[in-house]
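Reader: Could you take me on a close look at how the helices pack in this model, and at what sits around them? I would enjoy one connected answer.

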Amino acid sequence: MNTLKPLLARNRSWALLKLNSDPHYFEQHLHQQQPHSLWIGCSDSRVPAEVLTGSHPGELFVHRNIANMVDPADDNFMSVLQYALHYLKVHRIVLCGHYGCGGVQAALQLPQMALADESSALSRRIGQLRDVLGHKIEGAAPKTPDPETLNHLVETNVITQFSRLVQTQPVLDVWRSQRELNIYGCVYELATGHLKTLIEKTAEEAV
Ligand SMILES: [Zn+2]
C-alpha cells in the first residue's frame, strides 16, 4: 500500500464528484486565488484545515507546522504570513491548536526524551517550543502528564502563539492601515470534531 495508486484513484473520483455537482468547480479558481482566511495550524494528520471547516479550494491559505508555532525568526512562516496579508489580503487569520497535540506533549516531556540529546531540526523546534512556553511548562508535572494537564497546556500554547502573532510586523502593518483583519485563536477537539474560539482580536481593538 505504499504506491501512489490508491491516492490517485481517490483523487480522480473526488475530481469527478466535484465536476458532476458543478461543471465550473475547477474553472472558477483557475487564474487566481482569493482566499478569505489564513489558517495556521498543527501538521497533525487528524486536523485537516479544509476538511474540518468544510472549505473548498480557493478559501484557505494554509501554513501548518508541528504545534502551530508562530516564530518571527522562521522565514517559512513569516513569508506565508506576509504573502497572505500583503498580497492576498485575507481578512481573517485562524490560529488553531488541538487537544492531544504530540508536539506540545513532547515539549512538556523533552528532558526525559532521547530527542533532547539529538542535534536535529525536530529537537531544536521542540526545544524552542519548550522555551516559548517557559514557566507555564515548569508548573506542569512532566513525568506522566494527565490528559487535563496536556489539554490545558495546548490552550496555553494557542494563547502564547496568538500573542506572538498579533505582534508580528505584517499584522501590525495591516491594522495600522485600517484594513479589516480579525484574528482568532482556536482549539480543535479530536473527540468531537468541534472547533472553538479561545481568544480573538479585531482591527478595532488593535487601534
Ligand atoms: Zn499537534
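Author: Gladly; what follows goes from the chain as a whole to the helix contacts, then to the cores, two buried asparagines and a few loop residues.

Please keep in mind that this is a predicted model. The chain has 9 helices and 5 strands, and along the sequence they come in the pattern α-β-α-β-α-β-α-α-α-α-α-β-β-α. The C-alpha trace spans about 55 × 55 × 35 Å along its principal axes. Of the 207 residues, 40% count as buried. If you take the contacts between residues at least 6 apart in sequence, 64% of them join residues at least 24 apart.

Let us turn to the helices. Two packed helices are described by the angle between their axes and the distance between the axes. For helix α3 (residues 75–87) and helix α8 (residues 169–176), the axes come within 9 Å and cross at roughly 15°. Angles under 35 degrees count as roughly parallel, and α3 and α8 are therefore roughly parallel to each other. Their crossing is left-handed. On the α3 side, M78, L81, Q82, L85 and H86 take part, and they meet P170, V171, D173 and V174 of α8. Sorted by class, this contact has 6 nonpolar, 2 polar and 1 charged residues.

A second helix pair has another geometry to look at. The axes of helix α4 (residues 102–109) and α7 come within 10 Å, with a crossing of roughly 105°. The range for roughly perpendicular is 65 to 115 degrees, so α4 and α7 are roughly perpendicular to each other. Here V104, Q105 and L108 from α4 meet L150, L153, V154 and N157 from α7. By class, the α4 contact with α7 has 5 nonpolar, 2 polar and no charged residues.

Now for the nonpolar cores. In soluble globular proteins, nonpolar side chains tend to be buried together. The largest nonpolar core in this chain has 24 residues, and the members that touch the most others are L38, L81, I93, L165, V171 and I183. Two or more residues each come from β1 (37–42), α3, β3 (92–98), α7 (147–165) and α8. The largest share, 6 residues, is given by α3. Two of the names should be familiar: L81 and V171 also belong to the contact of α3 with α8.

L165 is a good place to stand and look around this core. Leaving aside neighbours within four places in sequence, L165 is in contact with I40, V70, F77, L81, I93, L95, V171 and I183. Apart from this core lies another, of 19 residues, among them A67, V104, I126 and L150. V104 and L150 also appear in the contact of α4 with α7.

Two asparagines deserve a stop as well. N157 is found in helix α7 and takes part in the α7 contact with α4. With a relative accessible area of 1%, N157 is buried. Beyond its neighbours within four places in sequence, N157 is in contact with A67, N68, V104, L129 and L133. A67 and V104 in that list are also members of the core of 19 residues. The other asparagine, N65, has its place in strand β2 (residues 60–65). N65 is buried too, at a relative accessible area of 9%. Not counting residues up to four places away in sequence, N65 touches G41, C42, S43 and R125.

Finally, a look at some loops. Most residues other than glycine have a negative phi. K89, although not a glycine, has a positive phi of about 55°. K89 lies in the loop between α3 and β3, and at 46% relative accessibility this lysine counts as partly exposed. Q178 likewise has a positive phi, near 70°, and is a residue other than glycine. Its place is in the loop between α8 and β4 (182–189), and Q178 counts as exposed at 64% relative accessibility.

One more glutamine rounds off the tour. Q34 sits in the loop between α1 (5–21) and β1, and is exposed, with a relative accessible area of 63%. From C-alpha to C-alpha, Q34 and V90 are 7.8 Å apart in space, while 56 residues separate them in sequence.

Methods:
Residues are numbered from 1 along each chain as its sequence is written. This is a predicted model: local features need pLDDT of at least 70, side-chain atom pairs count only at pLDDT 80 or more; totals for chains, interfaces and linings use all residues. Side-chain values use heavy atoms; hydrogens and water are left out. Axes are lines fitted to C-alpha atoms, for helices over the stretch in contact, and angles run from 0 to 180 degrees between N-to-C directions. Helices (H or I, at least four residues) and strands (E, at least two) are DSSP runs, numbered from the N terminus. Angles under 35 degrees count as roughly parallel, over 145 as roughly antiparallel, 65 to 115 as roughly perpendicular and the rest as oblique. A crossing is left-handed if the near helix is turned anticlockwise from the far one by less than a right angle, and right-handed if clockwise. Contact means heavy atoms within 4.5 Å. Ala, Val, Leu, Ile, Met, Phe, Trp, Tyr, Cys and Pro count as nonpolar, Asp, Glu, Lys and Arg as charged, and the others, Gly among them, as polar. A nonpolar core is a set of buried Ala, Val, Leu, Ile, Met, Phe, Trp, Tyr and Cys residues joined through side-chain atoms within 4.5 Å. Buried means under 20% relative accessible area, exposed over 50%, partly exposed in between (1.4 Å probe, protein chains only).
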